[in-house]
Amino acid sequence: MSDNMFDKIEQARLNELHIKCDPDTQLKAFIAIHNTRLGPAIGGCRCIPYSDEASAIEDAIRLAKGMSYKAALAQLPYGGGKAVLMCPQHIVDRQIYFERFGEFVASLGGRYITSVDCGTGIDDMDAIARATDFVVGTHQDGCDPSPMTALGVLKGIEAAVNFKLNKANLNDVHIALQGVGHVGMALAELLAQKGARLSIADINQQALKTCQTRFDADIVSPDEIASLECDVFSPCGLGGTLNKNSLKQLHCKIVAGSANNQLADESLGHILHNKGILYAPDFIINAGGLIQVALYKLGRNAVEVKQKTLTIGHTLTKVFARSYSENKPCNEIANAMAEEILYGPVNNEILDEKTYRQAI
């Protein structure tokens, strides 16, 4: 591992990085455990192609850190982790492939709990569950985090629209959705029910047709969606879409979407702030899925999950108000709030050993 990679680990304050290589299945996996002060690390298993190992590790580090901050501000008894699998061109036996990954998770003894993410699904979680109990999102537990993530994003958009536009509802609010996968599609449906006007971009033509038919959405090319004049720009695909070039194109008042790591660089929050664009930090607004996974692991029911997810709007309003009063970017405020919990003085919110064991 290069010195530069160790620098990134140190800068992110990452606790652990675990590596697994299984030539028989072509499994090349990384598990990043960022912080376990509040409890065992929890975070999805991402299985997508990467150009090289360094890119995969960097993604794991960033995502794990985001999960720590997400869990902290959602007041969950968990830390942050992430698994990144370098998806081969062809997986010969997907069941065995994910069973091997499950063995990798099991070897960590409960310090990391996995679930679905980009490139993985319920069947994959079932395969993992054959090797370890440290997994959520199987057919047995029935945990599909996408709808709850979408609900949290909806509440976040409502909070942002209320704060920035002084509107109590989303009727006729123009929202540009970038990506309508599992979460994006569920979000589009919720927004349409609230009377929002939708413009949508995606490379999946069938998904676009569905949105056009069901939600009367306008279809926009992926190259044009960021520059569309709208009230809310909602990134709901992979991260890093907000970069120096795309920020120049923005013609919106609010950025609020489900994607992780939307800012290619944290410093870009200053550009959004100086442009007068209200930004809903991703690790707060998209916490609904984590809330569901975490509470299901603790044996809570669907009503409790929904009630806690609905508080996302209140948390964001606190961030918006503090950003306004201190004249600082929203992502900077949110980071500070999370770090106060993760690295501040030990208090009663920090879990004792008994509660930690209950969490796993």
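## Around helix α6

In this predicted model, the buried residues of α6 are covered by several elements, including α5, β7 (174-178), β8 (197-201), α7 (205-215) and β10 (232-235). And which residues of α6 are buried? They are Val183, Gly184, Met185, Ala186, Leu187, Ala188 and Leu191. Leu191 also turns up among the residues with the most contacts inside the largest nonpolar core.

As for geometry, α6 runs over residues 182-193, which makes 12 residues. From its first C-alpha to its last it reaches 17 Å, close to the 16 Å expected at 1.5 Å a residue. Just after the helix comes Gly195, with a positive phi of about 90 degrees.

## The nonpolar cores

In soluble globular proteins, nonpolar side chains tend to be buried together. Here, the largest nonpolar core has 91 residues, and the ones with the most contacts inside it are Leu85, Phe101, Ile157 and Leu191. Helix α5 (residues 145-165) contributes the largest share of this core, with nine residues. There's also a second, separate core of 17 residues, with Ala176, Val220, Ala226 and Leu268 among them.

Leu85 is worth clicking on. What does Leu85 contact once its neighbours within four places in sequence are left aside? The list is Leu27, Lys28, Ala29, Cys45, Arg46, Cys47, Ile48, Tyr50, Tyr97, Phe98 and Phe101. One of these, Phe101, is itself among the residues with the most contacts inside the core.

## The largest pocket

If you're thinking about where a probe fits, start here: the largest pocket holds about 1200 Å³ of space. Its lining is made of 47 residues, and those nearest the centre are Asp117, Cys118, Ser146, His182 and Val183. Two of those names tie back to the opening section, as His182 and Val183 fall within the 182-193 range of α6, and Val183 is one of the buried residues of that helix.

Two or more lining residues come from each of β4 (45-48), α2 (53-73), α5, α6 and α11 (288-297). By type, the lining divides into 21 nonpolar, 20 polar and six charged residues.

## The second largest pocket

The second largest pocket has about 520 Å³ of space. What lies nearest its centre? Among its 22 lining residues, those are Ala12, Arg62, Lys65, Asn261 and Glu266.

At least two lining residues come from each of α1 (3-12), α2, α10 (282-285) and α14 (330-343). The largest share is that of α2, at six residues. The make-up of this lining is eight nonpolar, six polar and eight charged residues.

## One enclosed cavity

How many cavities of 30 Å³ or more does a search of the whole structure find? The answer is one, and its space comes to about 50 Å³. The residues around it are Leu63, Gly66, Met67, Asn260, Asn261, Asp282 and Phe283.

Helix α2 shows up again here, giving the most to the cavity lining with three residues, while α2 and α10 each supply at least two. The lining splits into three nonpolar, three polar and one charged.

## Asn261, shared by pocket and cavity

Asn261 belongs to the cavity lining and is also one of the residues nearest the centre of the second largest pocket. Asn261 sits in the loop between β11 (254-255) and α9 (268-274). Buried or exposed? Asn261 counts as buried because its relative accessibility is 15%, under the 20% cut-off.

Not counting residues up to four places away in sequence, Asn261 touches Arg62, Leu63, Gly239, Gly240 and Asp282. Of these, Leu63 and Asp282 also line the cavity, and Arg62 is among the residues nearest the centre of the second largest pocket. For a sense of scale, the C-alpha atoms of Asn261 and Glu16 are separated by 20 Å, with their positions 245 residues apart along the chain.

## Two unusual backbone angles

Most residues other than glycine have a negative phi. Arg13 goes the other way, with a positive phi near 60 degrees. Its place is in the loop between α1 and β1 (16-22), and Arg13 counts as partly exposed because its relative accessibility is 45%.

Gln75 has a positive phi too, near 55 degrees. Gln75 lies in the loop between α2 and β5 (79-86). With a relative accessible area of 58%, Gln75 is exposed, since the cut-off for that label is over 50%.

Technical notes
Residues are numbered from 1 along each chain as its sequence is written. This is a predicted model: local features need pLDDT of at least 70, side-chain atom pairs count only at pLDDT 80 or more; totals for chains, interfaces and linings use all residues. Side-chain values use heavy atoms; hydrogens and water are left out. A nonpolar core is a set of buried Ala, Val, Leu, Ile, Met, Phe, Trp, Tyr and Cys residues joined through side-chain atoms within 4.5 Å. Buried means under 20% relative accessible area, exposed over 50%, partly exposed in between (1.4 Å probe, protein chains only). Helices (H or I, at least four residues) and strands (E, at least two) are DSSP runs, numbered from the N terminus. Contact means heavy atoms within 4.5 Å. The expected span of a helix is 1.5 Å times one less than its number of residues. On a 1 Å grid over the protein atoms alone, a cavity is a set of points where a 1.4 Å probe fits but cannot get out, and a pocket is an open set with protein on both sides within 12 Å along at least five of seven lines; lining residues have an atom within 4 Å of a point. Grid points are joined across faces, edges and corners, and a volume is the space filled by probe spheres set on the points. Ala, Val, Leu, Ile, Met, Phe, Trp, Tyr, Cys and Pro count as nonpolar, Asp, Glu, Lys and Arg as charged, and the others, Gly among them, as polar.
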